[in-house]
Every structure is written in C-alpha cells, then in structure tokens.
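User: I'm new to reading protein structures. Can we go through this one together, with reasons for the labels?

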Amino acid sequence: MADPLLKVSGLEVHFPIRSPFLRQRVGTVRAVDGVDLEVGRGETLALVGESGCGKTTTGKAILRLIDPTGGSIRFGGEEIAQHGASRLAPFRRRMQIVFQDPYASLNPRMTVGGILAAPYEIHRIGTPADRPARVAELLRTVGLPSEAARRYPHEFSGGQRQRIGIARALALEPELIIGDEPVSALDVSIQAQVINLMKRLQAERGLAYIMISHNLAVVSHVADRVAVMYLGRVVETAPRETLFFDARHPYTQALLSAVPEPVPGRRRARQVLQGDVPSPAKPPKGCHFHPRCPIAQPRCAEEVPLPRVVAPGHAVACHLAAP
Amino acid sequence: MSAAASLPDETGAAAAEAPLLSVRDLTLHIPVPPHVLRAVDGVSFDLRRGETLGLVGESGSGKTLTALMLMRLLEPPLAALPRGEVRLDGADLMTLDEKRMSALRGRTISMVFQEPMTSLNPVMTVGRQIAEPLVRHLGLSSREAAARAEEMLRLVHIPDPARVARAYPHLLSGGMRQRAMIAIALACRPAVLVADEPTTALDVTVQAQILELLAELQREMGSAILLITHDLAVIAETAHRVAVMYAGRIVEEAPVAALFAAPRHPYTRGLLASIPKIERVPAPTLPEIPGMVPGAGDRPRGCAFMPRCARAVSGCAAEPPPLAETDRGHRVACWNPAHG
C-alpha cells in the first residue's frame, strides 16, 4: 500500500510471568508475537480471531495504551512505537477507541455532556463557553437528542450508550478509530443500528477503522480487508471477499466453517477443530496452529511459516497453503 | 454429519405423541410499586420427546426467567410469584413441594447455564460434581458413581477423563467447563434438558463442538431440549421448532424451516432481516428495527411491539393479540400478520 495511514511491522507485546515469591521472571506470555498490518485512509481493516489470539492487545498497543516490547508503529509516516507521553499527545487526538462494553466504559458519575466535553478540556480545544454547542453537535451526529447531555449513562440503553461512546471517540476528529468488539454486547436489532451508524460516519468523514471482532458475519458487513490472528500472529490477510470466499489458511477455513448460518438445513460442510487454543505462555514450536491443523506435516512443527503473498493483497502464513 | 440429516420428520411420529413437557400461561408479574413489571406474560408451549425447541429473544424478553420458573429455581421473594402450569410426566411442577421438586430436578429435568465458570462449584472436583446427582437420585455407591462420572466425561469427549475427574473447574478451558456442565446435567439421563445460552460465552469453533455434542447426546438419550438463545443462527442449526419471545410473550411459534422461510410476525421478520450474513456482495446498510424494546414496567397496553412496527394498524394499541394458529403448527400473535 502506498502511503498507508498506519503501518505496523513486527509488533511484539510480551508480558513477563513472575514467580509470586521472589518476583523472578519465570516465563513470557507472547500475547502479540510479530504482527504486520497496514491501514489505508478511510478504509476498514478487521482484526479477527478467537479469545486469547492477541487482537485486543494489538489494538491497545497501536494506540499506545499498552507499551509494545518490540516492532514498529508508523502513523501518518511517523514512528511512534517509542514515543514518550509528550510526543504522543498529538497522536492521541488522531487515534481513538470505542470499547466493547458500553456499560463499563462510561463514567457513571458524569453526565453525558461532561463525558463528551472531557476530550476538549484535556486537549484544551475551544473555550468552556462553546462546549455545549460542540456536545450538542456530537449528539446530533450519532442520532441522540441534545437533552441527552444533561442525563447520566445509566439512563440509556446499551445501544444508546454505544452511540455515546462513538460520539466521544469522534470529538477530536480522529483519522483512525479502533473499535474493540463495538457491537458484541448489543442485541441483534440494535447491532444493525450501530453498524449502520459507524458506516455512515466513515463515509461522511473519511475515517479509517480497525474493527476488532470475533463475529465474522458482522466483519463481513464492515471490512474492506481482514486480518486473521491465531495465538499472537497474523495467519492470513486478504481483501474482504477473498477472505470469506477463497481463504487459504487451514485455520481461517476452520473458523469460517464454524460460523452458524441463519438458514435451516443449509449448513456448510463443517470442519470441527479438535482441542483448544494452546496457552500463549507455552505456544507450540513452529507454526502455532500445527497441533490442531488437519493438514500439518512434520515441517510445520519445526519451522515458523512466514507470510507469503499468494495474490495481490492476499498473504498466507502457511507452509502448505495452495499458492 | 449435517444438522439437516439429524432433524426428525416434523410430521412424523414425534408430532403425534403427547407432549412430554407442557407449559400453560406461565406468568411472572413482579410488583415494584407503583408499577407491576410484567416480566413473563402468559407463555405457553409444548415440548415432545427427542425434540429441540428453540426459545429465542433479545435481552429482557423473559426467556431466561421462563427457564428458571420451570426449573423452579427463582429465589425468594420472586419464588412465590410465578403463575401458570408446567406439566412434566403428569405432575404440575408449579404446585409440587420443594422436596418432590428436588427429586425431579437433575433427574427428570436438568439445566445447563450460560456461564460455566460461575455455575460450577469451584471447591469440588469435576468428578464429584458429576457423581453427586448419581448418588442422590439413582442411589449409586460412591465408587459406582465415580466410575459413571468418568464415563460421562468420556461421553462428552473430554480427553483424559480420569485426570479431569480429579481436577477443579478453574483448571479447565471454557469449552471443557461447558462439556463438564453438560456431563453433570445429563448424568441421570433426564427426559428434559433446559440449555440457557449454552454456547454464548464460547468461541465459534468451540460453539460448533458443543452444538454437535448436544445433538449427538440427544440422539443417544432421546432427551427433549429447550434451547434458549438470542442467536437465530444457532436455532437454525439445532432446533426443530422455534418460539420467538418479545417483551415477555411468545409472538410466533413454528417449525424451524417454516419460521425462517415464511416468518409472519413483523418482529420475527425484522429480527431475521437484521442478522448480518456472509455474502459476496453485502447490502450497503443492514435492515434495522427502529427504536428499542420497552422496559418491563412501561409496556404498551396493546401489542408491545406496536411502537416499533411498520405494519401496525389502529386495533394494535387496544389489546394484545392472542397467539393464534395460522397454518398447521404455525402460531402468530399479531393483529396484522404478514403473509409468508
């Protein structure tokens, strides 16, 4: 991609495991273990995978809410992986996050107006006098009445709270929003409302999104490109349609085949994976997926497969995937 | 193996048989002065031997409370409030004393909960938790029960069952815990299994394993399953019949194929349309149901869906529509239902 908004290379987030007694380091959790990603302006990259695959940690490391232990994060052409707090400040305005749980991510003791004015106060934007107008404009943008500013988060439903979370993320007019399972906690009829809202805002404002989600059907409605993670690594990256209809990595194929279809009697041939995802503290040698892989060869237990480009924009980290 | 192949013929022997579990007018009105929360409002359905009935609805629709009522698991002060009739094998569960109810619970009717971590006992080994109902209900000796517990763990495809039987729940993964809970629930081969969101907390590949397992055990034991979920895709794959709940009532009930092919209630239609599906060319926007579910304290006097309904007519505000049969086995509670 020429001049991507965000380019992440070899990103690592390793957490030490310390013994409870002498605080010695006794091991390492490789939550994110060499991740490469690119996001273009105005595009949506979906980051998918199951619990513990490192997708949320990757998102938080990109936002520098967690410090990466290695690798590079270039945002708008500037390397920010090692920036300290003061040099990060301007980037904090340009990248925002929407959290999964709309009940836990809004301060229950602040009014919605206070929550939405906070970003302007922190970044010293405008004057206290013009804040109510800015807040009203944000509420209008996400489809809430301006009276909502005087009320508290508990007075709203889950879907409305997620709209407030989105309004807060929009306040500083960011270029990139990371949505960490933004619709997972919502009922399906409300989920559709929030997905449509996020797509409309993207079209109006040219926002780039990283959508972190375990829900592949939701992802198929919002993503331009998809990266699939397994145990800290990206195993496959492809444009949306290619990923859903021509996946090459055996893990991606198994993941897709497990998605239940809302059509009785028309289920895909299912490939049920055996066993559980191994612990990221003790990942298998070689390809992380090999102990559960239906086509693994001896080589897979020894050598880490590197991402191989099989078509423009389509990379697969598998020794055996068809080219 | 495909789910379709495992579905019994809806018009076959199962349908002709008398229902195993019969629920009539189940109601839970909770007085919270000055309001009355109509959490569950006259729910009726039948469950036949070997059949899976999906009970589907969004948060607050009353589906979990319905399950807790028929298991008689509501805690005081709510325990005194349920009204209606729940017939299982001739007995009315609503009027049984607690002693007779506990003799049935875990033996004739048992339940699998959503969150396996909070519903397993953290200080008791997995093996003892499976053995407990076997000793209590079937009078097995503790040694026999321990052997059967291991057998159950093998049946739910837990590798190394002897080791897992001696383990405590926190050592197991989410999928393994859910398997262990299914092993406990099915230990006494109950006639009815109530499964409340049994796969919601699990990853999709593990969900596929658990749904496969439930279908397999059902074929083997012939249990009837009441599957409670918010996920219509799970229903499409596992259930024979579906009842859709909205605001404390069943609004539509039909064989699974009929409900998905020709939904008649505007809420069911909206719900089905709003599920994202994996398609080559997705629609630019997902169909939405406008507005939100009314709270249990401020439901409209007539049809609770009316404020969000595009098909609403003048009569809808006056009185809630009764659940009436439109085609064989297809019931709809709507004053202006859509045509298939």
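Analyst: Sure, and keep in mind that this is a predicted model. Let's start with what sits over one helix: the cover on the buried residues of H3(B) includes strands E1 (21–32), E2 (35–47), E3 (52–56), E4 (83–88), E8 (224–229) and E9 (241–246) of chain B.

User: Which residues of helix H3 of chain B are buried, and what makes them count as buried?

Analyst: They are Lys63(B), Leu65(B), Thr66(B), Met69(B) and Leu70(B), in a helix that spans residues 63–70. The cut-off is 20 or more other C-beta atoms within 10 Å of a residue's own, so a residue that reaches that count is called buried.

User: How do you know whether the buried residues of H3(B) line one face of the helix or not?

Analyst: Look down the axis of H3(B): the buried residues fall within an arc of 160°, so they line one face. Here's the background: an α-helix has 3.6 residues a turn, so residues three or four places apart point the same way. Just after H3(B), by the way, Arg72(B) has a positive phi of about 55°.

User: Over in chain A, what makes E6 and E11 edge strands?

Analyst: The sheet there is open, with eight strands in the order E6-E7-E8-E3-E9-E10-E12-E11 and mixed pairing. Strand E6 (95–98) and strand E11 (308–311) of chain A each pair on one side only, and those are the edge strands. From one strand to the next, the twist averages 25°.

User: Why do E9 and E10 of chain A count as paired?

Analyst: Pairing needs at least two bridges between two strands. E9 (residues 225–230) and E10 (residues 233–239) of chain A are joined by six bridges and run antiparallel, so by that cut-off they pair. Within this pair, Met229(A) stands opposite Val234(A) in E10(A). Helix H9 (residues 250–258) of chain A packs on the sheet, touching E9 and E10 of chain A, and its direction makes about 100° with that of E9(A).

User: How many residues does each chain bring to the contact, and what gives the most on chain B's side?

Analyst: Chain B brings 39 residues and chain A brings 37. On the side of chain B that touches chain A, H10(B) gives the most, with six residues. That side has 21 nonpolar, 11 polar and seven charged residues.

User: Where does UniProt place the "ABC transporter" domain in chain A?

Analyst: An unreviewed UniProt entry places this domain at residues 17–256 of chain A. Over that span, the chain is 38% helix and 24% strand, with its end C-alpha atoms 33 Å apart.

Definitions and conventions: Residues numbered from 1 in each chain as written. Chains lettered and ligands numbered in written order. Predicted model: local features only at pLDDT ≥ 70, side-chain atom pairs only at ≥ 80, totals over all residues. Contact = placed C-beta atoms within 7 Å. Helix = DSSP H or I, 4+ residues; strand = E, 2+ residues; numbered from the N terminus. Nonpolar A, V, L, I, M, F, W, Y, C, P; charged D, E, K, R; others polar. Axes fitted to C-alpha atoms, helices over the stretch in contact; angles between N-to-C directions. UniProt positions renumbered as here; feature names shortened; annotations may be inferred. Buried ≥ 20, exposed ≤ 12 C-beta atoms within 10 Å, placed from the backbone. Arc of directions from axis to C-beta.
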